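Let's work through a fold together with a few short exercises. Keep the sequence and the 3D view open as you go.

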Amino acid sequence: MERILVVDDEKSMRDFLSIMLKKSGYDVTTATDGEEANKILHKDIFDLVITDLKMPKVGGLEVLKTVKELSPDTVVILITAFASTETAVEAMQQGAYDYITKPFQNDEMKIRIRKALEKRRLSAENLLLRNALEGSAVFENIIGKSERMDKVFEIVKKVSDSMSNILIYGESGTGKELIARAIHFNSRKKDKPFVTVNCGALPEGLLESELFGHMKGSFTGAVFNKEGLFEVANGGTIFLDEIGETTPSIQVKLLRVLQDKEFKRVGGTKDIKVDVRIIAATNKELAKAVEEGKFREDLYYRLNVIPVTLPTLRERREDIPLLANYFLNKFNRSMDKKIKGFSQKAVELLCNYEWKGNVRELENMIERAVALSNSEVITPDHFPDILKNAKKGSSLIPVNIPAEGIDLEGFIGGIEKDLLLNALERSNWIKKDAAKLLHLNFRSFRYRLDKYNLNKMPAESEKTGI
């Protein structure tokens, strides 16, 4: 519900506007004069202020100035019975949205109020849309056809409309924010805000201000009233990345939002109510952090309603050629190059590397290779020594089973398919030689090829990820 402050020293006008606006569904606060309005503005934030121009002591232009100092995004409409071109020009120069002369038609006033609020909404939505588009530009990070990623996509489809809180687990670079965006934009809240916060990037004081907002003067640098990101996300989704990095004090405040759907701004006294879906993410074992007393148990259980675990790139190696090809095309466009693909040896190096930085590291590696290449094909010579000298055959078995468990058959199947492909590549797709590499008789080897539909040698473009 949008909030409007009405300021007028005439009780009849004040009451008239208040009744009209409340009937239209707005949350209305009134002030009897400019002095009272300024006191209210120091304690709260409004979407729109409608103020009389001529009032004793503190007039409408001074109220306008206070609004712009404390809450620059708030829209102001000035009304007056003493209109003049000079005053109107001055009001607009100081940041007023509109200037209305008394007496006015009710319908005209309603239209102008609606347009003023639409302007504020559009400004906020344009900012959120820019942020969303910036994030969606790397949505390719969740490209994949592996069984592990298919299961993630299946979970995303199921939970998107549940409105339950979600906790995403995954190493850095696995695409946790991208999965959070996919959940939001496939939900019934897709037309509402999607707001992201990196909880590990800010010290406690600044993070509290970012999340919950603050009032002017509540700390050094608080030069105006500021809405928190929970308010900005109201009606939509807030994504709390690196939730495991939050301090006990922040965890207490987050718990209150989860339990009561309300909070106070820093330096504020009023409870702010919000309806926000929370998606959190972590690269830590939060259950272990709870045991060690580093993370609140009650907050953990409220966040961990639906856990989603993203596989590392090491656990879905069959997606590496697909991702490498996507990034190749991306950097071909941005660097105006026409590289056609990867050599067989280059693909083998990419598939055997450990990728501790996951998809983000792979993207950086392909960007470097494209920048260095002057040929039609990416070869091992375009990769750094760390990739060319990497040891093969490192274990794919996870050290810890994730919170929601693991599909053992699917996981082992993925490893088996990787080894079959690797053996076929190394033997130049001579199946008898590939079977020998895996110490299998030919009948057993052929059975496994049928199982994973690997009987036919792929076209050269498929082998290189193009």
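**Exercise 1. Find the pairing of strand 6 and strand 13, and the partner of Tyr 169.**

Step 1. Strand 6 covers residues 166-169 and strand 13 covers residues 277-282. Helices (H or I, at least four residues) and strands (E, at least two) are DSSP runs, numbered from the N terminus.

Step 2. The two strands run parallel and are joined by four bridges. Two strands pair if DSSP finds at least two bridges between them.

Step 3. Tyr 169 has Thr 282 of strand 13 as its bridge partner.

Before going on, a word on the source. This is a predicted model, in which local features need pLDDT of at least 70 and side-chain atom pairs count only at pLDDT 80 or more, while totals for chains, interfaces and linings use all residues. Residues are numbered from 1 along each chain as its sequence is written, and side-chain values use heavy atoms, with hydrogens and water left out.

**Exercise 2. Place that pair in its sheet and say which strands stand at the edges.**

Step 1. The sheet is open, has five strands in the order 7-10-13-6-14, and its pairing is parallel.

Step 2. Strand 7 (194-198) and strand 14 (306-309) stand at the edges; each has a single partner strand, so one side of each is left without a neighbour in the sheet.

Step 3. From one strand to the next, the twist averages 20°. Axes here are lines fitted to C-alpha atoms, for helices over the stretch in contact, and angles run from 0 to 180 degrees between N-to-C directions.

**Exercise 3. Describe the sheet with the order 2-1-3-4-5 and the helices that lie across its strands.**

Step 1. This is an open sheet of five strands with parallel pairing. Its edges are strand 2 (27-31) and strand 5 (98-101), each with a single partner strand, so one side of each is left without a neighbour in the sheet. The twist averages 20° from one strand to the next.

Step 2. Strand 3 (residues 48-52) pairs with strand 4 (residues 75-80) in the parallel sense, over five bridges. Asp 52 stands opposite Ile 79 in strand 4.

Step 3. Helix 1 (residues 11-23) lies across strand 1 (3-7), strand 2, strand 3 and strand 4, and runs at about 170° to strand 2. Helix 2 (residues 34-41) lies across strand 1, strand 2 and strand 3, at about 135° to strand 2.

**Exercise 4. Describe how helix 13 packs with helix 15 and with helix 14.**

Step 1. Two packed helices are described by the angle between their axes and the distance between the axes. For helix 13 (residues 320-335) and helix 15 (residues 358-372), the axes come within 9 Å and cross at roughly 45°.

Step 2. Helix 13 and helix 15 are therefore oblique to each other (angles under 35 degrees count as roughly parallel, over 145 as roughly antiparallel, 65 to 115 as roughly perpendicular and the rest as oblique). Their crossing is right-handed; a crossing is left-handed if the near helix is turned anticlockwise from the far one by less than a right angle, and right-handed if clockwise.

Step 3. The contact (heavy atoms within 4.5 Å) includes Leu 323, Phe 327 and Phe 331 of helix 13 and Leu 362, Ile 366 and Val 370 of helix 15. By class, the contact has 12 nonpolar, one polar and three charged residues. Ala, Val, Leu, Ile, Met, Phe, Trp, Tyr, Cys and Pro count as nonpolar, Asp, Glu, Lys and Arg as charged, and the others, Gly among them, as polar.

Step 4. Helix 13 packs with helix 14 (residues 344-352) at an angle of about 115°, with the axes 10 Å apart, and this crossing is right-handed. Here Ile 320, Pro 321 and Ala 324 of helix 13 meet Val 347, Leu 350 and Cys 351 of helix 14. That contact has six nonpolar, no polar and no charged residues.

**Exercise 5. Work out how helix 8 and helix 10 are oriented.**

Step 1. Helix 8 (residues 204-212) and helix 10 (residues 248-260) pack at about 15°, with axes 10 Å apart.

Step 2. Helix 8 and helix 10 are therefore roughly parallel to each other, and the crossing is left-handed.
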